[in-house]
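This briefing accompanies the sequence and structure shown below. It proceeds from individual positions to the chain as a whole.

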Amino acid sequence: SDWHRVVAQNDFLLVSVENHLNSTATEMMHLLAHLKDKYSIDTERIYATGFSMGGCKSWDMFQEYPKVFAAVAPMDATFDVGLNSYGQPVDNFNQDVLLPVFYVGGEITPLPELPFQELKCLNRMKYVLKINKADNPYEIEYDDRENWSNKIWGMDGDHVIKLDNPERENSTLTMNFYTSNNGEMCYCVFAGVSNQGHEVRHHSCENAWKFLNSFRRLSDGTIEGGSTQDILDLYK
């Protein structure tokens with residue numbers, strides 16, 4: 001996915017964990033503590049992202065340690081709400097801590113990544129929009145998907161932006177922006193990529209970083225950033 005190219009352009013520390021499924025979310029917190037000792041890290045700007053099972057591990061961070069992160073970008077996978085990346089139930093998972101999310105999946109993937117593909121994906125999006133206090137209720141029923149106005153997500157976001165991928169022919173990143181706080185803030189982006197299977201591409205990572213980089217987790221636990229207009233302006 002060429003995250004190193006995004007790093008080179010934006011100057012941040014990228015840490016990739018090998019065999020991450022051998023480590024729990026709690027052990028990832030131990031790793032983070034080690035990194036804080038080793039490097040000068042801005043603790044207000046810590047983000048998580050991952051592809052496939054790494055996407056599920058990113059959801060673990062949303063569920064289990066939301067106050068640590070300023071934003072997360074899970075990609076191309078989810079378990080149902082309340083399950084971790086091992087498919088096991090999580091006790092006391094996040095019910096009210098706002099954490100901005102940029103989620104992306106391939107529109108022709110054979111695996112369950114997007115709401116039209118499997119109920120657990122729809123449940124995940126409902127959960128995220130509830131936690132992040134989206135204005136418009138996501139009252140979408142999986143069994144009614146033949147009648148969905150948006151055949152992938154069930155309904156359009158409050159704003160929709162489409163970007164062609166210059167590195168891949170006939171591939172478009174369609175981003176749905178869901179607003180909160182009477183439209184003034186944007187904490188959720190759900191995106192699909194046409195002509196993409198179960199894979200992750202640099203173009204998606206590049207645009208995910210624009211969103212992630214807009215947020216800080218302040219020392220009092222609140223999120224700074226996310227003005228709807230500021231977010232949309234990033235993609236002009």
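In this predicted model, Ala-70 has a relative accessible area of 0% and is therefore buried, the cut-off for that class being under 20%. The residue sits in the loop that links α3 (53-64) to β2 (71-75). The points below take up its surroundings, then the preceding helix, two further sites and the overall fold.

**Surroundings of Ala-70**

- Beyond its neighbours up to four places away in sequence, Ala-70 touches Glu-44, Arg-45, Ile-46 and Tyr-47. Its other contacts of this kind are Leu-99, Pro-100, Phe-215, Arg-216, Arg-217 and Ile-223.
- Asn-165 is 95 residues from Ala-70 along the chain, and the two C-alpha atoms are separated by 27 Å.

**Ile-46, a contact of Ala-70**

- Ile-46 belongs to the loop between α2 and β1.
- With a relative accessibility of 8%, Ile-46 counts as buried, because that value is under 20%.
- Leaving aside neighbours within four places in sequence, Ile-46 is in contact with Leu-32, Lys-36 and Ile-41, as well as with Val-68, Phe-69, Ala-70 and Ala-71.
- Although Ile-46 and Leu-212 are 166 residues apart along the chain, their C-alpha atoms are separated by 9.3 Å.

**Helix α3**

- Ten of the twelve residues of α3 are buried, which leaves the helix mostly covered.
- The buried set comprises Gly-54, Gly-55, Cys-56, Lys-57, Ser-58, Trp-59, Asp-60, Met-61, Phe-62 and Gln-63.
- These buried residues pack against two helices, α2 (25-38) and α4 (119-131), and against the strands β1 (47-51), β2 and β3 (101-106).
- The end C-alpha atoms of α3 are 16 Å apart, in agreement with the 16 Å that twelve residues should span at 1.5 Å a residue.

**Thr-179 and Thr-228**

- Thr-179 is located in strand β5 (residues 172-180), whereas Thr-228 is part of helix α6 (residues 228-233).
- Thr-179 is buried at a relative accessible area of 5%; Thr-228 is likewise buried, with a value of 5%.
- Not counting residues up to four places away in sequence, Thr-179 touches Lys-133, Ala-134, Asp-135, Asp-158, His-159, Met-185, Cys-186 and Thr-228.
- Under the corresponding exclusion, Thr-228 touches His-159, Thr-179, Gly-183, Glu-184, Met-185 and Cys-186.
- The two threonines thus touch each other, and His-159, Met-185 and Cys-186 appear in both contact lists.

**The chain as a whole**

- The protein chain contains six helices and eight strands, arranged from the N terminus as α-α-β-α-β-β-α-β-β-β-α-β-β-α.
- Its radius of gyration is 17 Å, close to the 18 Å that the globule rule gives for 236 residues, so the chain is as compact as a globular protein of that length.
- Along the principal axes, the C-alpha atoms fill a box of roughly 50 × 40 × 35 Å.
- Of the 236 residues, 51% count as buried.
- Among contacts with a separation of 6 or more, 64% involve residues 24 or more positions apart.
- The accessible surface comes to about 11400 Å², and 46% of it belongs to carbon and sulfur atoms.
- The chain carries 20 positive and 34 negative charges, and the mean positions of these two groups are 2 Å apart.

Definitions and conventions: Residues numbered from 1 in each chain as written. Predicted model: local features only at pLDDT ≥ 70, side-chain atom pairs only at ≥ 80, totals over all residues. Heavy atoms only, no water. Helix = DSSP H or I, 4+ residues; strand = E, 2+ residues; numbered from the N terminus. Rg over C-alpha atoms; globule rule 2.2 N^0.38 Å. Buried < 20%, exposed > 50% of the residue type's maximum accessible area, 1.4 Å probe, protein only. Contact = heavy atoms within 4.5 Å. Areas by Shrake-Rupley, 256 points an atom, 1.4 Å probe, with all protein chains shown as cover. Lys, Arg positive; Asp, Glu negative; His and termini not counted. Charge placed at Lys NZ, Arg CZ, Asp CG, Glu CD. Expected span 1.5 Å × (residues − 1).
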